[in-house]
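Colleague: Before I rely on the terms used for this protein, I should like to see how each of them is justified. Could we go through them in turn?

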Amino acid sequence: MGPIVRKEFKQLFSDKAALLTILLMPLVLTLILGFSLANSMGSTVELDLSIAVVAEETLEKEAETSAESLGLPVDMLKETAVPDALFSWMSNEISIDYADNLEEVRHGNYAAVIEIPQGYREQMWEQQYTGESNGSKEFVLYRNTENWVDSVIVESMLDSFMMQQTFQQAVDQPLPEIGEVVLKGDKPVSSFQYYTFGMGVMYVFFSAGFIATFAFHEKQAKVYSRLVLANISPSHYLIGKAVASMGVVLTQMCLLFGICFVLFQITIINWLGFLLIAICLSVAVAGISTLLISIQFRYHTEKAANVFMFSIISILAFLGGSFFRIADMAPSLALIGNWTPNGRALSAFIQASQGEPISVLLPSSVLLLGYGIAFLVIAWGMFPNKGGAVK
């Protein structure tokens, strides 16, 4: 199993796309979501970004025009303008310069430039308040390639904001603010602390998908066939993948949490309980990884990992509260989310950070271990004889 584990680490860390997904993206999203709630939570961390907005019509003029047609107050429309509302939420963290044309800002030192076509805001207000839209206009984002990090943050920030707007319209109610999160402990949790754990428990599942994808590519390239000829049994191969998954997940969490702990000065009171939850979560992810591998080997398709990474993880993240505390909006869904591996791990990480004893964390640990063992047993039963090596 040792060579299999070393090979998985080497393969994963040589894949730049995989590293970007499992390491950089959760850090960027933690920054975005944490800063977007910094004002309401009294954060002292500041984000130094500058954005230029090019608009043919001013926000004030478009708001006055729509106020007459929709019969709504001008101030109300200005507060819900897209994408201007995002800037008002983060007025202390980013600076905004408005201009009439692109030439005025072309040579400025901006992280990004947003071009808003005439009538776009009116179209969005009509969609927000009437549910109908007769236009198909979109704003354009120009990224500063010389300032890659800041431009990625701005792009991700806008993507997150637009997703929230879409979700808000779908459920027809405003998204809840995180505020001060307290789960059985006495110490409030900051937005950075909440989203460090929220993004961490979400992105560890991408590791399961990537390892399953690598395994299927090995099958296609006849690597697994050669392992079988070298007397590597299917059970040893599957267990090796599980151990590799655990190692990758633990490494991923150490890197992500370590960086976030330093950047955001996050404190953990019960480190032993925190480590216990991390290990149990890695077992759960390893179980899912082996199950995906078994499904793909049995049915000779890579779709299982793709569906998991591009659909199921998003559903789990939503139910588990990675984006916001779903209990504040839909308590019934929160009950379901608390039984998901990521939702239970998120709650347990917060509890450990607040100093809850092992006895409180033990049910979550047992549940996560149970998920991992159950998935591994199912995967073992599904794994085809000799792994389907000849196909």
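The exchange below sets values against definitions.

Modeller: This is a predicted model, in which local features need pLDDT of at least 70 and side-chain atom pairs count only at pLDDT 80 or more, while totals for chains, interfaces and linings use all residues. Residues are numbered from 1 along each chain as its sequence is written, and side-chain values use heavy atoms, with hydrogens and water left out.

Colleague: Why is C280 called buried, and why is C254 called exposed?

Modeller: Buried means under 20% relative accessible area, exposed means over 50%, and partly exposed lies in between, with a 1.4 Å probe and protein chains only. C280 has a relative accessibility of 2%, and therefore counts as buried. C254 has 58%, so the word for C254 is exposed. Of the 391 residues of the protein, 50% count as buried.

Colleague: How many disulfides are there?

Modeller: A disulfide is a pair of cysteine sulfur atoms within 2.5 Å. By this rule, the count is zero.

Colleague: What makes H300 partly exposed, and what is its phi?

Modeller: The relative accessibility of H300 is 36%, which lies between the two cut-offs, so H300 is partly exposed. Its phi is near 55°, a positive value in a residue other than glycine. H300 is found in the loop between α11 and α12; helices (H or I, at least four residues) and strands (E, at least two) are DSSP runs, numbered from the N terminus.

Colleague: What makes a set of residues a nonpolar core?

Modeller: The members are buried Ala, Val, Leu, Ile, Met, Phe, Trp, Tyr and Cys residues, joined through side-chain atoms within 4.5 Å. The largest such core has 60 residues, of which F197, L281 and F349 touch the most other members. The largest share of this core, 17 residues, comes from α8. A second, separate core of 14 residues includes L49, A55, Y120 and L158.

Colleague: Why are α11 and α14 called roughly antiparallel?

Modeller: Two packed helices are described by the angle between their axes and the distance between the axes. Axes are lines fitted to C-alpha atoms, for helices over the stretch in contact, and angles run from 0 to 180 degrees between N-to-C directions. α11 and α14 pack at about 170°, with their axes 9 Å apart. Angles over 145 degrees count as roughly antiparallel, those under 35 as roughly parallel, 65 to 115 as roughly perpendicular and the rest as oblique. The pair is therefore roughly antiparallel.
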